[in-house]
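This report walks through one structure and its ligand site. Please keep the sequence and the coordinates at hand while reading.

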Amino acid sequence: MALKNSSTTAMKSEASHDVVIRRWTLDDIPDVQQIALTTWRATYGSFIPDEDILAFFRTYYTMEALAENCTNILRAGFLAVDAGKPVGYARTFFNDQEARFYLNSLYVLPECQGKRIGTLLLRECETVGRAFGAEEIWLGVMKQNTRTVLWYEKLGFRFEREEPFIMGNTTVDHLIGFRKLNQPLP
Ligand SMILES: CC(C)(COP(=O)(O)OP(=O)(O)OC[C@H]1O[C@@H](n2cnc3c(N)ncnc32)[C@H](O)[C@@H]1OP(=O)(O)O)[C@@H](O)C(=O)NCCC(=O)NCCS
């Protein structure tokens, strides 16, 4: 099923230039891959060996896998473009069997973090969730990624359980939690 990729939002970031959040297209996938690998290494490199990060990337971040976010009506992919440069992305999935909306990924390049780009990406994702009629947005975050766990909590996420998450040959604790979609983001 084809999904219309017409959603584009332009906002002023605190860096005083325009940040555009838009659906990613097939042509954007190499940029999404680059942002993913760079940001994963910066975020997880202190507790996950590079070979495991690469193994995960090669398995789950193929062109075909990321194209699903352009073609599957249940999936969405957003790209953040700051002054013409792709700097972040987010992916969502509405599981229609369990009627649950998931944020699969949210990543902003290290040098672009702290400029509200992550919040803007999350806002666009939540709009998709509401359109599916979801009341919550669910996600998993590595327990050792403490800065981001605090970031989510500040935005109203509550973590209710832990599950193992496997990246290559490494297993880490994943916190599973949600935020109510009827609460506005700050
Ligand atoms: C988590 C993340 C998506 C947040 O996006 P962001 O654009 O950096 O965050 P925002 O600018 O919207 O929010 C900034 C606030 O978060 C805090 N913050 C949390 N993590 C931060 C980080 N790594 N860099 C800068 N600020 C961060 C800031 O202190 C700031 O708080 P303030 O508003 O009180 O000043 C982004 O930092 C990121 O990609 N981190 C690494 C990857 C990651 O953990 N992704 C999620 C995996 S589940």
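## Strands, helices and the ligand shell

V19 stands opposite D82 of strand 3, and this is a place to begin in what is a predicted model. The two strands concerned, strand 2 (residues 18–23) and strand 3, pair in the antiparallel sense, with five bridges between them. Strand 3 also pairs with strand 4, again in the antiparallel sense but over eight bridges, and within that pairing P86 of strand 4 is the bridge partner of V81. Strand 3 and strand 4 together form a hairpin in which two residues lie between the strands, and A83, in the turn, has a positive phi of about 50°. Strand 3, which spans residues 75–82, is mostly covered, since six of its eight residues count as buried.

The nonpolar interior can be followed from here. The largest nonpolar core contains 45 residues, and the members that touch the most others are F78, A80, Y89 and L121. For Y89, once neighbours within four places in sequence are left aside, the contacts are W24, V32, I35, G77, F78, L79, A80, S105 and Y107, so that two of the core residues just named, F78 and A80, appear among them.

Helix 4 has 15 residues and reaches 22 Å from its first C-alpha to its last, which is close to the 21 Å expected at 1.5 Å a residue. Its buried residues are I117, G118, L120, L121, L122, C125, E126, V128 and G129, a list that includes a charged residue, E126. Just after helix 4, G133 takes a positive phi of about 85°.

Which parts of the chain supply the shell around the ligand? At least two residues each come from helix 1 (29–44), strand 5 (100–108), helix 4 (117–131) and helix 5 (146–154). In total 17 residues surround the ligand, the closest being Q113, G114, G118, T119 and T148; of these, G118 is also one of the buried residues of helix 4. Sorted by class, the shell holds six nonpolar, eight polar and three charged residues.

T39 is found in helix 1. T39 is buried because 21 other C-beta atoms lie within 10 Å, where 20 or more are required. Not counting residues up to four places away in sequence, T39 touches Y107, V108, L109 and P110. With P110 the separation is 71 residues in sequence, yet the two C-alpha atoms are 6.3 Å apart in space.

Two residues other than glycine in loops beside strand 5 have a positive phi, and the table sets out their backbone values and places.

| Residue | Phi | Place |
|---|---|---|
| A99 | about 50° | loop between strand 4 (85–95) and strand 5 |
| R116 | near 75° | loop between strand 5 and helix 4 |

How do A99 and R116 stand, exposed or partly exposed? A99 is exposed because 11 other C-beta atoms lie within 10 Å, and the limit for that class is 12 or fewer. R116, by contrast, has 17 other C-beta atoms within 10 Å, and is therefore partly exposed, a class that lies between the exposed limit of 12 or fewer and the buried limit of 20 or more.

Definitions and conventions:
Residues numbered from 1 in each chain as written. Predicted model: local features only at pLDDT ≥ 70, side-chain atom pairs only at ≥ 80, totals over all residues. Near = placed C-beta within 6 Å. Helix = DSSP H or I, 4+ residues; strand = E, 2+ residues; numbered from the N terminus. Contact = placed C-beta atoms within 7 Å. Pairing = 2+ DSSP bridges. Core = buried A, V, L, I, M, F, W, Y, C linked by C-beta atoms within 7 Å. Expected span 1.5 Å × (residues − 1).
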